[in-house]
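Q: I'm new to this one and would like a close look at a single part. Could you walk me through it, and then show me how it sits in the rest?

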Amino acid sequence: MSKTVFFDIDGTIWDDDMVIPESTLEAVAALKANGHLAFICTGRARASVRSEKLLNMGFDGIIAACGNYIEMDGKVVYENDLSADMVQKVIRVLSECKMPVVLEGSTDYWIDDEGFENDPYVDYLFESLGEHAHIIRGYDGEIRINKFSADVIDGTDYERVKAEFADDFLILEHVENVVEFVPKGTSKATGIKWLCNHLDIPLDETYAIGDSVNDLEMLESVGHGIAMGNSMPPVKEIAEYVTSDISDDGVKNALKHYGLISVSYTHLRDHETSAHLVC
């Protein structure tokens, strides 16, 4: 019987330099060759999932923006946008609180032009998104986003930000003062459950691999939650299985552990089908 595997991107499929280990490329190809389904399940909004090498790995679809966007075979099957009133509030409050923000949508990003001077991730967004990355100039009615993230810098009134948005968003604090705001009631887990209902896939036949705090609900919701060896401590604590680091064949070893691929999967990529997702 075929199984379904959900893969986080950052720290799972690729490393901090966005390099995908060769063993991961081969392992996902072997997983597909064995008749299993493979989906990206990321906190990134869809607009920033653009790498051709990533999208050409043969994934069956993408769950993006922490469950607020779902795509299969290049077609959007579900999307949850923030309301216009909420987007206006986000822009106003974070500006008043001196908290530089990235507004994350399925096609475009909107980014503050001050406060990110030493943030290489924001430089990467402008470079990779090109015309789809915009400087925030207030709310003009055209900003459609699924979620947002922001940095705590010197002078940020973070306590007010938390008070303003705690009722509507799950506030996830990452390393290096990065904060992610995900609409309450949504997560990678809700995206997985929606997709499994849509495809009539039993949850106990599902697997998920991740490494960060926004992967916690995902790993707990599936039949088998797998933490990368380079995961944050809370992720390892709740995982059913902890595999090796991303630099030590973590994805390959996880799929082998569960019998989803065999030890003799090498060179399968030479026989891959041409099926791929189009960015």
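What follows is a look at the stretch around cysteine 66, and then at the chain around it.

A: Keep in mind that this is a predicted model. Let's begin with two loop residues, alanine 65 and cysteine 66.

Alanine 65 is found in the loop that runs between strand S3 (61-64) and strand S4 (69-72). Cysteine 66 is in the loop between S3 and S4 too. What's odd here is the backbone. Most residues other than glycine have a negative phi. Alanine 65, though, has a positive phi, near 55 degrees, and for cysteine 66 phi is also positive, at about 55 degrees. Neither spot is out in the open: alanine 65 counts as buried because its relative accessibility is 0%, with anything under 20% called buried. Cysteine 66, at 2% relative accessibility, counts as buried as well.

With a cysteine in the loop, you may wonder about disulfides. A disulfide is a covalent bond between the sulfur atoms of two cysteines. Cysteine 66 doesn't form one here: its closest cysteine sulfur is in cysteine 41, and at 8.1 Å that is too far for a bond, since a disulfide needs the two sulfurs within 2.5 Å. In fact, the structure holds zero disulfides. Another cysteine, cysteine 97, is buried too, with a relative accessible area of 1%.

Now for a residue that touches cysteine 66: lysine 188. You'll find lysine 188 in helix H6 (residues 188-199). Is lysine 188 buried or exposed? Lysine 188 counts as buried, because its relative accessibility is just 1%. Leaving aside its neighbours within four places in sequence, the contacts of lysine 188 include Cys66 and Gly67, along with Cys41, Thr42 and Gly43. Asp8, Asn214, Asp215 and Met218 are on that list as well.

Let's move to another part of the chain, a sheet. This is an open sheet of six strands with mixed pairing, in the order S8-S7-S6-S9-S11-S10. Its edges are strand S8 (133-135) and strand S10 (169-173), each of which pairs on one side only. On average, neighbouring strands of this sheet are turned by 20 degrees against each other, direction ignored.

Zoom in on one pair in that sheet. Strand S9 (residues 147-151) and strand S11 (residues 178-183) run antiparallel and are joined by four bridges. Phenylalanine 148 has phenylalanine 181, in S11, as its bridge partner. Helix H4 (residues 120-129) packs on the sheet, touching strand S6 (101-104), strand S7 (109-111) and S8. The direction of H4 makes about 135 degrees with that of S7. Helix H5 (residues 158-165) lies across S10 and S11, and runs at about 150 degrees to S10.

Finally, step back to the whole thing. The protein chain comes to nine helices and 14 strands. Its C-alpha trace spans about 55 × 35 × 35 Å along the principal axes. For 279 residues, a compact globule would have a radius of gyration near 19 Å, and the protein chain agrees with that, at 19 Å. Of those 279 residues, 52% count as buried. Among contacts in the protein chain with a separation of 6 or more, 61% join residues 24 or more positions apart. The chain exposes about 12600 Å², with carbon and sulfur atoms supplying 46% of it.

Methods: Residues numbered from 1 in each chain as written. Predicted model: local features only at pLDDT ≥ 70, side-chain atom pairs only at ≥ 80, totals over all residues. Heavy atoms only, no water. Pairing = 2+ DSSP bridges. Axes fitted to C-alpha atoms, helices over the stretch in contact; angles between N-to-C directions. Contact = heavy atoms within 4.5 Å. Rg over C-alpha atoms; globule rule 2.2 N^0.38 Å. Buried < 20%, exposed > 50% of the residue type's maximum accessible area, 1.4 Å probe, protein only. Areas by Shrake-Rupley, 256 points an atom, 1.4 Å probe, with all protein chains shown as cover.
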